[in-house]
Amino acid sequence: MLDILLIGIAILALVGVIFEEALHINKAKTTLFLGTLAWIILFIDANQGPELAEISEHLTENITEISTLWLFLVAAMTFVAYLNRKGMIENMLNIIMPAEISLRKLIFFTAIFSFCFSSLADNITATLVSIAMVLSLGLPFNQTMRFAVLVVFAVNSGGVSLITGDVTTLMIFLDDKVTITQLLLLIIPSLTAVLFLASMLSIGLKGKVKIKKTRREMRAVDYVIAGTFISTIILTLVANVLFSIPPMLCFLSGMAVMFLVATFMGEEEYEDPILDYIRLIEFDTLLFFLGVLLLVGMLDHIHALGALLDIYNVLPATGANFVMGVLSSMIDNVPLTAALLKADIAMSTAEWMAFTYAVGVGGSLLIIGSSAGIVTMSKVSGLTFAKYAKFALLLLVSYSLGFSLVLLMAHLVLN
């Protein structure tokens, strides 16, 4: 009975997010309330019994994971907030883009930029930069929506083939299910699916966009901080691969360097305190993350996520992998992947590659299914669960195409 109640709370939270616009209640408020309520119910039910220690331990683990994500987000968002406010992203557009470009060409440019950047940086940073670039164009909302949907799918697709690009890819690699060279084979199917989606979203787009070439004045400190940001991304990847240093620690260190650079180079003299940029972060996004991850941690504690693995007893591995990808749009892909690896289900290398793609890209099907989607929803004013869901069928077709191509590529190369 308790498990049914807790699962009902999780479903209620999902409903609150879906109907946020109709209820006029911010999704951060509903998920945070229901996420904390679920854990309070668990503690009350334990009532100083033998399960209390286990519940407390699981909550501590859950909070640790959340705080790691929070701190990483704070650092990444502070960097992007500074560079955006100083006009660095606008200046970058002036350099890499022509004075005038058609909307059809622009949507393909956005697709490739988001895909490639997410292969180098983490998904959150790639999303922040890509969305900032889109918003700087000042497009009408209906066109901005198309670009936002594309960014979410492209960012999630770009990181799936590299162990530094997606946590689930790294988990599967560390469990010796696939090799680095086998993962690299995912690039072609992933990019093909992204370009297919861009083609579909470009239908009906007409006209051209004029890129404002009004170059913003930059000071030396701005260039140094931009260099610090890029260096932080690169060093984070290297440090994680070579020394297993958590990305959160590297980004916090990079943010600290940014603060020190601004101080020593006299940024404070311009009455623009560097620490004030932390206030520009969307804290409702962080609170939404907190609520969602508390609910996912609760579901993991009551073994509701592990029960999903029964799909592999009903469907063949290929079909089950496809479904798991779809489920990752509603449930965090990390515990899903962890549960599958723990169960040690026997699959071929091709099937593990398909699973890697599925849980990495499947979260794009719903706006709440990935960190890229949640960050995008927080940055694009007016973008809601329901409005994003209008593209669900097109996203499903694109996801299915990529999934099929992964299987085809794996069988052609590995057999």
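**Exercise 1. Confidence**

Find the mean pLDDT of the chain, then say where confidence is lowest and where it is highest.

*Solution.* This is a predicted model. Start with the whole chain: its mean pLDDT is 83. Next, take the share of residues that reach 70 or more, which is 94%. Now go element by element. Confidence is lowest in α2, at a mean of 70. The highest value, 94, belongs to helix α11 (residues 187–202).

**Exercise 2. A nonpolar patch**

Work out which residues make the nonpolar surface patch, and which helix gives the largest share.

*Solution.* List the members: Ile-7, Ile-11, Leu-12, Val-15, Phe-19, Leu-23 and Ile-25. Together they make a patch of about 600 Å². Then place them. Helix α1 (residues 2–18) supplies four residues, the largest share. Ile-25 sits in the loop between α2 (20–23) and α3 (27–46). Last, check its exposure. Ile-25 has a relative accessible area of 38%, so it is partly exposed.

**Exercise 3. A positive phi**

Locate His-303 and decide: is it buried or exposed?

*Solution.* Begin with the backbone. The phi of His-303 is positive, about 65°, although this residue is not a glycine. Now find the place: the loop between α14 (283–301) and α15 (311–314) holds His-303. Finally, read the accessibility. Exposed means over 50%. His-303 has 57%, so it counts as exposed.

**Exercise 4. Cysteines**

Count the disulfides, then classify Cys-116 and Cys-250 by accessibility.

*Solution.* Recall the bond first. A disulfide is a covalent bond between the sulfur atoms of two cysteines. The structure has zero disulfides. Now classify. Cys-116 has 40% relative accessibility and is therefore partly exposed. Buried means under 20%. Cys-250 has 16%, so it counts as buried.

**Exercise 5. Aromatic pairs**

Classify the ring pairs Phe-109 with Phe-113 and Tyr-399 with Phe-403.

*Solution.* Two rings pair if their centres lie within 6.5 Å. By this rule there are nine aromatic pairs. Take Phe-109 and Phe-113: their centres are 6.2 Å apart, the planes make 10°, and the pair is stacked. Both lie in helix α6 (residues 103–120), four residues apart, about one turn of the helix. Phe-109, at 24% relative accessibility, is partly exposed. Phe-113, at 17%, is buried.

Now take Tyr-399 and Phe-403. Their ring centres are 6.2 Å apart and their planes stand at 40°, so this pair is tilted. Both are in helix α21 (residues 392–414), four residues apart. Both are buried. Tyr-399 and Phe-403 also form one aromatic cluster with Phe-322 and Tyr-357.

Note on methods. Residues are numbered from 1 along each chain as its sequence is written. This is a predicted model: local features need pLDDT of at least 70, side-chain atom pairs count only at pLDDT 80 or more; totals for chains, interfaces and linings use all residues. Side-chain values use heavy atoms; hydrogens and water are left out. Patches are made of residues with over 30% relative accessible area and no salt bridge: like charges are joined within 9 Å, nonpolar side chains (Val, Leu, Ile, Met, Phe, Trp, Tyr) within 5 Å. Accessible areas come from the Shrake-Rupley method with a 1.4 Å probe; for residues, only the protein chains shown count as cover. A salt bridge is a side-chain nitrogen of Lys or Arg within 4 Å of a carboxyl oxygen of Asp or Glu. Helices (H or I, at least four residues) and strands (E, at least two) are DSSP runs, numbered from the N terminus. Buried means under 20% relative accessible area, exposed over 50%, partly exposed in between (1.4 Å probe, protein chains only). A disulfide is a pair of cysteine sulfur atoms within 2.5 Å. pLDDT is the predictor's confidence in each residue, from 0 to 100. Rings of Phe, Tyr and Trp (its six-membered ring) pair if their centres lie within 6.5 Å; planes under 30 degrees apart count as stacked, over 60 as edge-to-face and the rest as tilted.
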